[in-house]
Amino acid sequence: MKFFSFPVLPFVFFAVGCAHSPDPAATLAPPLVSPPTRQVLIVSDPVQIPPNPAEMPVQSETRNVDEYGDIEVPEKVSREAKPEIADPLEPFNRAMYHFNDKLYFWLLKPVAQGYGKVVPEAARVGVSNFFANLAFPIRFVNCLLQANFEGAAAELGRFTINTLWGVGGFLDPASSKDIHLSKQDEDFGQTLGAYGIGQGFFINWPLFGPSSPRDTVGLVGDGFLTPYSYLSPWYAGAGTRGYDMVNDTSLKIGDYESLKGAAIDPYVAIRDAYVQYRLKKVNRKGGNTPAEDLELPKK
Amino acid sequence: MKSLKAIVIILFVILMAPGRAAAGGPFGSPQPVGKEAGGIHTGIGYWFHEDNYKNGTERVTRQNQVYSELGYGSRKGWEITVRVGMSDLKLIDAFSSTASTATSKTDFEEHGKFFSTLGAKGFYPFNQTFGMGAFIQGSYYFSDFTDNLSGTQSGAPFSVEVRVKNLWDVNFGMGFQATVPYGIKIYIGPYVHYSELKVSPSKDVVGAAFASGETTMKNKNVFGGFTGIEVPLAKGFRLNLEGQYTERLSAGAAVLYVY
């Protein structure tokens, strides 16, 4: 149960960013959401986030003007569900957003930049691969819990190949063109979503970033399956997690800055992108989509 | 053809010459495992190894090694390889009883000690099919093997811890290779082997083998021969089987992955 203690550690402060992604590809708070900026704007509520005129593709508008001069809305976009999440804790969440934002810019980013200058990128990618391989139990168990046996087999194969022929996981031969076993990005929050449990409302945790009651429970479940949570003494596990996140951030510097720079209200953009991102992940394997997650935005 | 005949005769004489020692781990095909353009390979393997050591008396050692390897080869035909693995060690008849000393067991035995191997090789192709190469490879065991021995010496009971330490070996040799259809590589060659270990008891037991002061043992013979085959498998994997013929046979298999 030692892993319950690590969230309180200052080091984990910059060690934890995404409450849901055991994938080392996910970095701290800001970059918790991986969809590209453009995708964020598309899924955002147009009332809350007016489009940035500077970024509006003029050509695309003229291209969609019909013979009568009316602007045609592409069918795909008009039919696309724009999920929204309740945000009753918005004042708190906004405060935590600013807290995490400062944490990123004042602590995590400088540390990661310094680390990136000292350690070659190839080595950092190797470390990232190693931690991704270490997180195999999370992906494997959650594939099984979602009855995704094909995914579970792929994960088992990946773990075996990368551990044995990937020098303990530092290399990723399983993703090569020849073997082509792709990583199953599953976590306990997604499993709960696949079981039909809705997101609930939006929570922006300090240190852990965007989440929801469902995904917060998922985070605890994932904690049990994270091998280094069981390291003793407790600060060994926390330090390992911290190092993982610094390493990961060093490979993704600029992602959050792009997301933030492109949004009128970064808080809303991140919130909406988070909801969309999680919904997409839950739906990917054909899991049930809770009705409340598909609620259309209010006009 | 004459030169080929001469090579075959030389190899036959070398390999059939009496008194050879085995080495630690396979040498692999003379040609680098990696792609022709260069690159890395990884692998896992198992190696069964026997050797004869001597220092006054002769003792046979037996080891089972499992290892993981990482190699980098250049397109110019050279390659370096690092292996890390675990091995057991059995020193057969190390504690045999004498007239005045009775022991509880005869063999020294311990499991699971880390070792590392570093190797380098270069390859020169004659044509698309034949080629030859040279290699050097050495292993070192990071920790000591220990075993406890008890018994009676002239009626008095004793108990002693025996330690085998500083086990290392170095090998160098040359290999001749033929690449046959389906990309299968067959290779054979001679090599020179030197290995050494120290046996040290925690206290002296007069009359008991290896329980009287520190003893340095070296491999009995330095010349050996090896042969092997490397078969391409599916999806970038390769199977390597190799045997090293001596008074005793050492052999193993490895599955390699080429990036």
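I looked up A:His180 and found it in the loop between α8 and α9 of chain A. The model is a predicted one. A:His180 has a positive phi of about 55°, although it is not a glycine. I noted that because most residues other than glycine have a negative phi. Is A:His180 buried or exposed? It counts as exposed, with 10 C-beta neighbours inside 10 Å.

I then turned to A:Val167, in the loop between α8 (149-164) and α9 (188-194) of chain A. A:Val167 is not a glycine, yet its phi is positive, about 50°. I counted 21 other C-beta atoms within 10 Å of A:Val167, so this residue is buried.

Next I checked a peptide bond. A:Ser232 and A:Pro233 are joined by a cis bond, with omega about 0°. I placed A:Pro233 in the loop between α10 (213-225) and α11 of chain A.

That led me to helix α11 (residues 234-250) of chain A. It packs with helix α6 (residues 121-134) of chain A at an angle of about 130°, and their axes are 9 Å apart. I therefore logged α6(A) and α11(A) as oblique to each other. Their crossing is left-handed. Which residues meet there? From α6(A) I listed A:Arg124, A:Val127, A:Ser128 and A:Phe131; from α11(A), A:Asp244, A:Asn247, A:Asp248 and A:Ser250. The residues of this contact divide into two nonpolar, three polar and three charged.

Last came chain B. I found one helix and 13 strands. The helix precedes the strands along the sequence. Of its 259 residues, 39% count as buried. Among chain B contacts with a separation of 6 or more, 64% join residues 24 or more positions apart.

Methods
Residues numbered from 1 in each chain as written. Chains lettered and ligands numbered in written order. Predicted model: local features only at pLDDT ≥ 70, side-chain atom pairs only at ≥ 80, totals over all residues. Helix = DSSP H or I, 4+ residues; strand = E, 2+ residues; numbered from the N terminus. Buried ≥ 20, exposed ≤ 12 C-beta atoms within 10 Å, placed from the backbone. Contact = placed C-beta atoms within 7 Å. Axes fitted to C-alpha atoms, helices over the stretch in contact; angles between N-to-C directions. Parallel < 35°, antiparallel > 145°, perpendicular 65-115°, else oblique. Left-handed = near helix turned anticlockwise from the far one by under 90°. Nonpolar A, V, L, I, M, F, W, Y, C, P; charged D, E, K, R; others polar.
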